[in-house]
Every structure is written in structure tokens, then in C-alpha cells.
Amino acid sequence: MLKYVNTDIVFQEIPDEVTLAINISNCPCRCPGCHSKYLWQDIGEPLTAKAIDAFVSKFGTSITCICMMGGDAEHDCVSKIAGYIHQRYPQYKVGWYSGRMRVTSDVDKNDFDYIKVGPYISHLGGLKDRTTNQRLYKKVANGEFEDITPRFWRR
């Protein structure tokens, strides 16, 4: 069962979106240098359709995107929640930050508008660093995903 620890409204995780970031616990990736080690533990409240409904009720038009931060231990559940959001709340974009190198075949990528992949490797840096191994992809009009990572790089 997916569990979330907390949420925050963020402006930098997904370009051009006001994003409700949902921090999911029980992360199996355990990246060295992780800034959210508390998410390695199996803690928090269940991330269910009812929880999503409560978030939407609370944040309403203050957000344009809902992004799950983690969930790699139960990627199929992340996919189901994303599908629920797209079906029930089509006005929101849906994102997923995964620490894996690629999205597994049992995840329906059509349920997402944005997908970030890649573990945090401290000497390579995060999305804002040109040397990063991480990539953020955006679904474009033809349903394919385009790498938009360069949008994070300072000129």
C-alpha cells in the first residue's frame, strides 16, 4: 500500500505548473546523498482515492498539477492513482518522480503528463545540473514523451 508522509505546493518541480507534491514513503532506491532520507521508512498515511479527493477539496484551483514523489516500491499503485486522478480530475496534470532509471512495463505511461526518472547521484547533481543523469519527460500532443530536462539548466 502506498503511503504518503506529507505534501507541499511547489513551483520548481514541474515547469509551468503549480504542483501539489505528494511525498511517498518506503523508498527502495536509497540514493547516497538523498535529501529526504525520512522517506526511506515505511511511514505515513495510505495514499488512496479518498486521500486524493481530500487534496483536491483542500487545494482546488490553487494547483494545476499533482505529482507523486517516489512510490518506486509499488509503481503499479502509483499508476493506478495517476489513472484515478486523470479520470476523476482531468483539469490537473499528473506527474511522477521516480528514482529508477526507467519506467517498468506494468506502468501505464498514458496516465502521466510528466515523468522524471533517475536516481540521485550526488557527483552528477540534480535536474538543474547539466551533468545530471536524471531526466524529466513531458507528454506531447502525439502521446510521446519529450525530454524537457534542459529547461532546468541555468544559462
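## Cavity, pocket and cores in a predicted model

Met1, Leu2, Lys3, Ile24, Ser25, Asn26, Gly71, Ala73 and Glu74 line the largest cavity of this structure, which is a predicted model. That cavity has a volume of about 30 Å³, and a search of the whole structure for cavities of 30 Å³ or more finds one. By residue class, the cavity lining divides into four nonpolar, three polar and two charged residues.

From the enclosed space we turn to the open one. The largest pocket has a volume of about 970 Å³, and its lining is made up of 36 residues, with Glu13, His35, Met69, Tyr97 and Lys116 lying nearest the centre. Two elements, strand S1 (3-10) and strand S2 (19-24), give two or more residues to this lining, and S2 gives the most, with three residues. Of the residues that line the pocket, 17 are nonpolar, ten are polar and nine are charged.

Strand S2 also appears in the nonpolar interior. The largest nonpolar core has 26 residues, and those with the most contacts inside it are Ile22, Leu47, Ile52, Phe55, Met68 and Phe112. At least two residues of this core come from each of S2, H1, strand S4 (65-69), helix H2 (75-88), strand S5 (93-97) and strand S6 (114-117), while H1 gives the most, with five residues. Ile22 shows how such contacts are distributed: once its neighbours within four places in sequence are left aside, Ile22 is in contact with Tyr4, Asn6, Thr7, Leu47, Ile52, Phe55, Ile66, Cys67, Met68 and Met69. Beside this core there is a second, separate one of 13 residues, which includes Ile14, Ala21, Cys67 and Tyr114.

Two of the residues that Ile22 touches, Tyr4 and Phe55, lead on to the aromatic rings. The structure holds four aromatic pairs, and one of them joins Tyr4 to Phe55 in an edge-to-face arrangement, at 5.2 Å centre to centre and with 80 degrees between the planes. Because Tyr4 lies in strand S1 and Phe55 in helix H1 (residues 49-59), this pair ties together parts that are 51 residues apart in sequence. Tyr4 has a relative accessible area of 16%, and therefore counts as buried under the 20% cut-off; Phe55, with a relative accessible area of 9%, is buried as well. Another pair is formed by Tyr89 and Tyr92, whose rings are tilted, 6.3 Å apart centre to centre and with 55 degrees between the planes. Both Tyr89 and Tyr92 are buried, and ring pairs link these two residues with Tyr84 into a cluster.

Tyr92 in turn is a contact of Cys65, a residue found in strand S4. Cys65 counts as buried, at 0% relative accessibility. With neighbours within four places in sequence set aside, Cys65 is in contact with Ile14, Glu17, Val18, Thr19, Leu20, Tyr92, Lys93, Val94 and Gly95. For one of these partners, Val18, the C-alpha atom is separated from that of Cys65 by 6.1 Å, although the two residues are 47 residues apart along the chain. Ile14, another of the residues in contact with Cys65, is included in the second core, and Tyr92 belongs to the cluster of linked rings, which brings the path through the structure back to elements already described.

Methods
Residues numbered from 1 in each chain as written. Predicted model: local features only at pLDDT ≥ 70, side-chain atom pairs only at ≥ 80, totals over all residues. Heavy atoms only, no water. 1 Å grid on protein atoms, 1.4 Å probe; cavity = no way out; pocket = protein on both sides within 12 Å on 5 of 7 lines; lining within 4 Å. Points joined across faces, edges and corners; volume = space filled by probe spheres on them. Helix = DSSP H or I, 4+ residues; strand = E, 2+ residues; numbered from the N terminus. Nonpolar A, V, L, I, M, F, W, Y, C, P; charged D, E, K, R; others polar. Phe/Tyr/Trp six-rings, centres within 6.5 Å; stacked < 30°, edge-to-face > 60°. Buried < 20%, exposed > 50% of the residue type's maximum accessible area, 1.4 Å probe, protein only. Core = buried A, V, L, I, M, F, W, Y, C linked by side-chain atoms within 4.5 Å. Contact = heavy atoms within 4.5 Å.
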